[in-house]
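Here is a set of questions on one protein model, each with a worked answer. Please keep the structure open while you read.

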Amino acid sequence: RSLVIATDYFDQFIRLNGLKYVISQEVDDEGILSEFLNSMLPVELYAKLKVFVQTCGKPLAIRSSSKLEDSHYQPFAGIYSTYMIPRCENDDQMLRMLVRAIKSVYASVYFTSSRAYIQSSQNLLSEEKMAVLIQEVCGTEQNGYFFPTLSGVARSQNLYPLGYEKAEDGVCNIVMGLGKAVVDGGKSMRFSPAYPDKVLQTSTPELAVRDAQTEVMALSLNPDRFRPSTDDAVNIERIPVSRMNDFRNAKFACSYYDYQNNRISESPMMSRYFRVITFNRILKYGSFPLADIIRDMLKMGEDEMRCPVEIEFAVNMDVPAGDMQIFNLLQIRPIIRNEESAKLDWASVDTSDAIVYSECALGVGLMRDIRHIVYVKFDKFSSLHTQPIADELFELNKRMRDAGSEYVLVGTGRWGSSDPNLGVPVKWAHISEARVIVEAALPDFNIESSQGTHFFQNVTSLGVGYLSLNPSQGDGSLDIERLNAMPAVFDGEYLRCVEFAKP
């Protein structure tokens, strides 16, 4: 069940409270949020929300749905906030939380990362308008938490097909619990809807244990956990898989790892062994027709939108005996493809002296006038330091923006992951001046790119070059010695920037 608050209420809200000045002033995120929370919603909207709250029986997701987000010509996935609130017995308390969440979504239009993204996409902040989509959350309640059996993102175009997968077969990333784990770049299960029983991550017990999801995101049903914050995950709990024994949903998503015989088993007799999230019962043994539904949805989406699409969905299998298990389609958006007609004849290009060379790249085109390379000092890199690296990059990117200099950004792991163990947790404001992004695997730090993340979708759709390489496995090359030998324009604790005399 969904309710849309259209953009005219956003205009009324801004006008009624005199918030136009926020557009022209540099106010920090906390200051903007405070201004919006202390403002009044239009009386008519407030009265309608009061009626709506009395009809809801489930927790609610308050999602952004802005004018630019629904554009066919540019990507705007995951730039603004989505808040979730629990269902309360007291309707007045529920209404107060809902109103605060709506104001917080309105405020996210003017946050620093949103401003940087709007500027880089050649749009005007003053033209952006925010609609809000309020949806009941899919899932069931247990032990004070609320989450679906699984949720995920599927794309009708697979940009990195493996083995006998085809690009047009599409690709899907799923997790147990809330789908925020996928779109924020956490660990997820990747499969092709055409071959659901052939999943690389569960092809050997070692891979299944190493690459499996380690924590489940769930909404805390304690109303006190929801408080106004620039972090939209303020009341989202991360539950370790080791605690999943207490939850009914585990029987649909988890297998057991029998370490004595080095095998993955579905048998409940193995419950003394530790759980691994494999989705084997669904993908291999067909206990729920997930792949068939996704294939149909992607096909219908492409036919209707006349372009490749991306869908977000959630599945609830924890239903009373005899009831239908439910697949919820949450959102669908176009995937923007910038098919440039100009093709480079690589046979005529000498790549022997390339600083970065990769066989695994996205984007078509020649980028001129780039003089700077910013790269992570790999000898200093540790997954424990990914947040300080992001902070240092934010300051450096600001300097580059003031100087009008674009650059190539070289690092390791997943850029834009919200899980600091998988890569540097940057947002758009950290990398707005980067024209090419490189993910180079280290021998002891090799993370595959996640096609389901909003960050990945925006980077590739905006025409930013994207290269993925693994030099230690003979996949591409990176001449880091050459960069180290050059004088640095910026030499920080974790990052270094060099400048070339010619572009």
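Q: In which sense do S18 and strand S22 pair, and over how many bridges?
A: The model is a predicted one. S22 covers residues 465–469. Its pairing with S18 is antiparallel, over two bridges.

Q: Which residue in S22 is the bridge partner of Ala-361?
A: S18 spans 361–362, and S22 spans residues 465–469. The partner of Ala-361 in S22 is Leu-467.

Q: Which strands are at the edges of the sheet S18-S22-S21-S20-S19-S25-S24?
A: Seven strands make up this open sheet, and their pairing is mixed. An edge strand here pairs on one side only. The two that do so are S18 and S24.

Q: What angle does the direction of H12 make with that of S25?
A: H12 packs on the seven-stranded sheet. It touches S19, S20, S21, S24 and S25. With the direction of S25 (495–499), that of H12 makes about 25°.

Q: Which strands stand at the edges of the sheet S1-S4-S2-S3?
A: Four strands form this open sheet, with antiparallel pairing. An edge strand has a single partner, so one of its sides is left without a neighbour in the sheet. That holds for S1 (2–5) and S3 (83–85).

Q: Which residue in S4 is the bridge partner of Leu-3?
A: S1 and S4 (residues 130–136) run antiparallel and are joined by four bridges. Neighbouring strands of the sheet are turned by 20° against each other on average, direction ignored. In S4, Leu-3 has as its bridge partner Ile-134.

Q: Which helix packs on this sheet, touching S1, S2 and S4?
A: The helix covers residues 43–55. Its direction makes about 175° with that of S1. It is H4.

Q: Is Glu-310 buried or exposed?
A: Glu-310 forms a salt bridge with Arg-155, at 3.3 Å from N to O. The pair links distant parts of the chain, S15 (residues 309–316) and S7 (residues 150–155), 155 residues apart. Arg-155 has 2% relative accessibility and counts as buried. Glu-310 has 1% relative accessibility, so this residue counts as buried.

Q: How many residues apart in sequence are the parts that Lys-377 and Asp-491 tie together?
A: The side chains of Lys-377 and Asp-491 meet in a salt bridge, 2.6 Å from N to O. Lys-377 lies in the loop between S19 (372–376) and H12 (386–403), and Asp-491 is in S24 (residues 488–491), so the parts tied together are 114 residues apart.

Q: Which partner of the Lys-377 and Asp-491 salt bridge is partly exposed?
A: Lys-377 has a relative accessible area of 15%, so it is buried. Asp-491 stands at 48% relative accessibility. The partly exposed partner is therefore Asp-491.

Q: About how many helical turns separate Glu-395 and Lys-398?
A: These two residues form a salt bridge, with the closest N and O atoms 3.8 Å apart. Glu-395 is partly exposed at 42%, and Lys-398 is partly exposed at 31%. They are three residues apart in H12, so the separation is about one helical turn.

Q: Which residues do salt bridges with shared partners join into one network?
A: The structure holds 23 salt bridges. One of them pairs Glu-310 with Arg-155. The network is made of Arg-63, Arg-155, Glu-310, Glu-312 and Arg-333.

Q: Where is Tyr-259 placed?
A: Tyr-259 makes a nonpolar surface patch of about 290 Å² together with Val-209 and Phe-274. Its place is the loop between S12 (254–258) and S13 (263–265).

Q: What is the phi of Asn-262 near?
A: Most residues other than glycine have a negative phi. Asn-262, in the loop between S12 and S13, has a positive value. The residue is partly exposed, at 31% relative accessibility. Its phi is near 50°.

Q: What is the phi of Asp-369 near?
A: Asp-369 lies in the loop between S18 and S19. It is exposed, with a relative accessible area of 61%. Phi is positive here too, near 65°.

Q: What share of the 503 residues in the protein chain is buried?
A: The chain's secondary structure comes to 15 helices and 25 strands. It exposes about 23,000 Å², with carbon and sulfur atoms supplying 50% of that area. Buried residues make up 54%.

Note on methods. Residues are numbered from 1 along each chain as its sequence is written. This is a predicted model: local features need pLDDT of at least 70, side-chain atom pairs count only at pLDDT 80 or more; totals for chains, interfaces and linings use all residues. Side-chain values use heavy atoms; hydrogens and water are left out. Patches are made of residues with over 30% relative accessible area and no salt bridge: like charges are joined within 9 Å, nonpolar side chains (Val, Leu, Ile, Met, Phe, Trp, Tyr) within 5 Å. Accessible areas come from the Shrake-Rupley method with a 1.4 Å probe; for residues, only the protein chains shown count as cover. A salt bridge is a side-chain nitrogen of Lys or Arg within 4 Å of a carboxyl oxygen of Asp or Glu. Buried means under 20% relative accessible area, exposed over 50%, partly exposed in between (1.4 Å probe, protein chains only). Two strands pair if DSSP finds at least two bridges between them. Axes are lines fitted to C-alpha atoms, for helices over the stretch in contact, and angles run from 0 to 180 degrees between N-to-C directions. Contact means heavy atoms within 4.5 Å.
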